[in-house]
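Q: Please take a close look at a single part of this model, one pair of rings and the helices around the pair. A plain, connected description would suit a first-year student.

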Amino acid sequence: MNSAAQPFFYGGQAVLEGVMMRGPDAWAVAARRPDGEIALRRDPLHARVYRARLFRLPFFRGIAGLYEAMHLGGTAMIWAANVRARAEDLEIGPVAVTLTILASLAFSIALFFGLPLLAGGALTRHGGSLAFTAVEGLTRAALLVLYLVVISWLPDVRRLFMYHGAEHKTINAFESGAPLTVAGVRPQSRLHPRCGTGFLVEVVVVSIFVFALVGRPALPLLILSRLVLVPVIAAIAFELIRLGARFRANPVVGKLLAPALGAQLLTTREPDDSMIEVALAAFVAVREGLPALPVATAAQALVV
């Protein structure tokens, strides 16, 4: 297919006081410094997982997307945190980052894998594998919603969700042909069908069907299956998200997308204009390079 039939889907992620954007050949992240200026970073995508033809094929690109979320997302978050820390003459070292990531990973596994397994076992002690998997999946979904609601009360997370809204609005403006200015981005929707939150919703739904095929083996195999099958579930969910985004104008698809879009009401907030400026700076940087920034911003952008 030609490029018109297969357009590149830009994506992004909110970070501390900033936004990361991912393009076909590069990625960029912009963050607001305490002095009001915008710090920028742009790097080419050289790794094989971003360039190899294999990882652009259906299902394989879902596995690549999972790696990308961890690698690019983690790198962008660390960079943005250091932009903030350097203003106070601090530096977040690799040891602190590694410990934080390991602690977060352990917490996520315990919360979203361990507790649902315990709930499924306790509530379907004499039930079949299908009932066990259904209870496990519903528990995981409930925990995800509860977790998002609770963390949204934190002021820093609330601001992160506002930057998430700015990211979505900027991509929606680009995809709708609106001007890439604050005025052009502001009226756009803060919801987008290719959102990571929607991806998590798809993962929860797909996991019920995939785990149902595994049945209810002994506990060691049960735990192993939940970990080993994560890439498979992610690959399927990724394709469903892409299909939904491509055919979102279809009324049936629109209804199927409702849960994924509804979940974004928890993870996005309406941004202010200064946040939109940051998202625009990252988006223009990833598309046009540095240091040219043909965006009306209130502050001078710094390349760091």
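A: At 32% relative accessibility, Tyr147 is partly exposed, a class that lies between buried (under 20% relative accessible area) and exposed (over 50%), using a 1.4 Å probe and protein chains only. The model is predicted, so local features need pLDDT of at least 70 and side-chain atom pairs count only at pLDDT 80 or more, while totals for chains, interfaces and linings use all residues. Residues are numbered from 1 along each chain as its sequence is written, and side-chain values use heavy atoms, leaving out hydrogens and water.

The structure has five aromatic pairs (Phe, Tyr or Trp rings, the six-membered one for Trp, with centres within 6.5 Å). In one of them, Tyr147 pairs with Phe107, with 6.4 Å between the centres and 45 degrees between the planes. That makes the pair tilted (stacked is under 30 degrees, edge-to-face over 60, tilted the rest). Phe107 belongs to helix α3 (residues 94-123) and Tyr147 to helix α4, 40 residues apart, so the pair links distant parts of the chain (helices are DSSP runs of H or I, at least four residues, numbered from the N terminus). Phe107 is also partly exposed, at 46% relative accessible area.

Helix α4 (residues 129-151) also packs with helix α7 (residues 196-214), at an angle of about 165 degrees and with the axes 9 Å apart (lines fitted to C-alpha atoms over the stretch in contact; angles run from 0 to 180 degrees between N-to-C directions). This angle makes α4 roughly antiparallel to α7 (over 145 degrees). In the contact (heavy atoms within 4.5 Å), residues of α4 including Leu130 and Leu144 meet residues of α7, among them Leu200 and Phe211.

Key:
Helix = DSSP H or I, 4+ residues; strand = E, 2+ residues; numbered from the N terminus. Parallel < 35°, antiparallel > 145°, perpendicular 65-115°, else oblique.
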